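Please look over the sequence and the fold before reading on, and keep both in view while the paragraphs below lead from the outline of the chain to its details.

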Amino acid sequence: MATITYETLIKYLDAIDLNGNLSASGAPHGAFWKDAAGNNLPLATFKSLSITIPGGPVKIFNDAKFDQSPLYLILVGPWNGHPQMPKTGPYITDAGYSVTVDGNPVLGTQIKDDFLAWLKQEFPPAGSKP
């Protein structure tokens, strides 16, 4: 898997939101990767983020099992009784899904693979070397 930057991950979230049938701004959690002024959150803040969803707050990343991070899981399918995001789609798992990032088309499969690679990079298993 390729290494991607935090900035690329945020561009993916922005593109997914822009391409969605509903905007994250209308959801209870809002565009959680942005601050009140609409700027991207600092990486450390983003990595420690919890969001409030029906049922209470949830930490969006699982430090111990990166591939079980709620943010990743809800982008690739329903999670913990909540529908896949973005609500009502389209979803990165849809056949032929594509968004434009920096003027280039990016397939949903690439977003999924890159997101997982980013998680592995940012939350390496205990005892592994960075």
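A residue is called exposed when its relative accessible area is over 50%, buried when that value is under 20%, and partly exposed when it lies in between. The model shown here is predicted, and these words can be tried out on one of its loops. Asp 102 sits in the loop between strand 3 and strand 4, and because its relative accessible area is 57%, Asp 102 counts as exposed. The backbone at this place also deserves a look, since Asp 102 has a positive phi of about 55° although it is not a glycine. Most residues other than glycine have a negative phi, and most peptide bonds are trans.

With those words in hand, consider the whole protein, which contains 4 helices and 4 strands. Read from the N terminus on, these elements follow the order α-α-β-β-α-β-β-α. The radius of gyration is 14 Å, close to the 14 Å that the globule rule gives for 130 residues, so the protein is as compact as a globular protein of that length. Along its principal axes, the C-alpha trace spans about 40 × 35 × 30 Å. Buried residues make up 39% of the 130 residues, while the accessible surface comes to about 7300 Å², of which 56% belongs to carbon and sulfur atoms.

What lies in the interior? The largest nonpolar core has 37 residues, and the members that touch the most others are Phe 46, Phe 61, Trp 118 and Leu 119. Two or more residues each are given to this core by helix 1, strand 1, helix 3, strand 3 and helix 4, with the largest share, 7 residues, coming from helix 1.

Helix 4 is a good place to follow this further, as its 15 residues reach 21 Å from the first C-alpha to the last, close to the 21 Å expected at 1.5 Å a residue. Its buried residues include Ile 111, Phe 115, Trp 118, Leu 119 and Glu 122. An α-helix has 3.6 residues a turn, so residues three or four places apart point the same way. Among the elements that cover the buried residues of helix 4 are helix 1, helix 2, helix 3, strand 3 and strand 4. Leaving aside neighbours within four places in sequence, Trp 118 is in contact with residues including Ile 4, Leu 9, Phe 46, Phe 61 and Phe 123.

Turn next to strand 1 and strand 2, which run antiparallel and are joined by 4 bridges. They form a hairpin with 2 residues between them, and in the turn Gly 55 has a positive phi of about 110°. Ile 53 has Gly 56 in strand 2 as its bridge partner.

The loop between helix 3 and strand 3 holds several further details, beginning with His 82. Is His 82 buried or exposed? With 19% relative accessibility, His 82 counts as buried, because the cut-off for that word is under 20%. Leaving aside neighbours within four places in sequence, His 82 is in contact with Ile 53, Pro 54 and Ile 74. Pro 86 belongs to this loop, and the peptide bond from Met 85 to Pro 86 is cis, with omega near 0°. Pro 90 also lies there, joined to Gly 89 by a cis peptide bond whose omega is about -10°. Thr 88, likewise in the loop between helix 3 and strand 3, has a positive phi of about 75° although it is not a glycine, and with a relative accessible area of 46% Thr 88 is partly exposed.

Notes:
Residues are numbered from 1 along each chain as its sequence is written. This is a predicted model: local features need pLDDT of at least 70, side-chain atom pairs count only at pLDDT 80 or more; totals for chains, interfaces and linings use all residues. Side-chain values use heavy atoms; hydrogens and water are left out. Two strands pair if DSSP finds at least two bridges between them. A nonpolar core is a set of buried Ala, Val, Leu, Ile, Met, Phe, Trp, Tyr and Cys residues joined through side-chain atoms within 4.5 Å. Buried means under 20% relative accessible area, exposed over 50%, partly exposed in between (1.4 Å probe, protein chains only). Contact means heavy atoms within 4.5 Å. The radius of gyration is taken over C-alpha atoms; the globule rule is 2.2 Å times the number of residues to the power 0.38. Accessible areas come from the Shrake-Rupley method with a 1.4 Å probe; for residues, only the protein chains shown count as cover. The expected span of a helix is 1.5 Å times one less than its number of residues.
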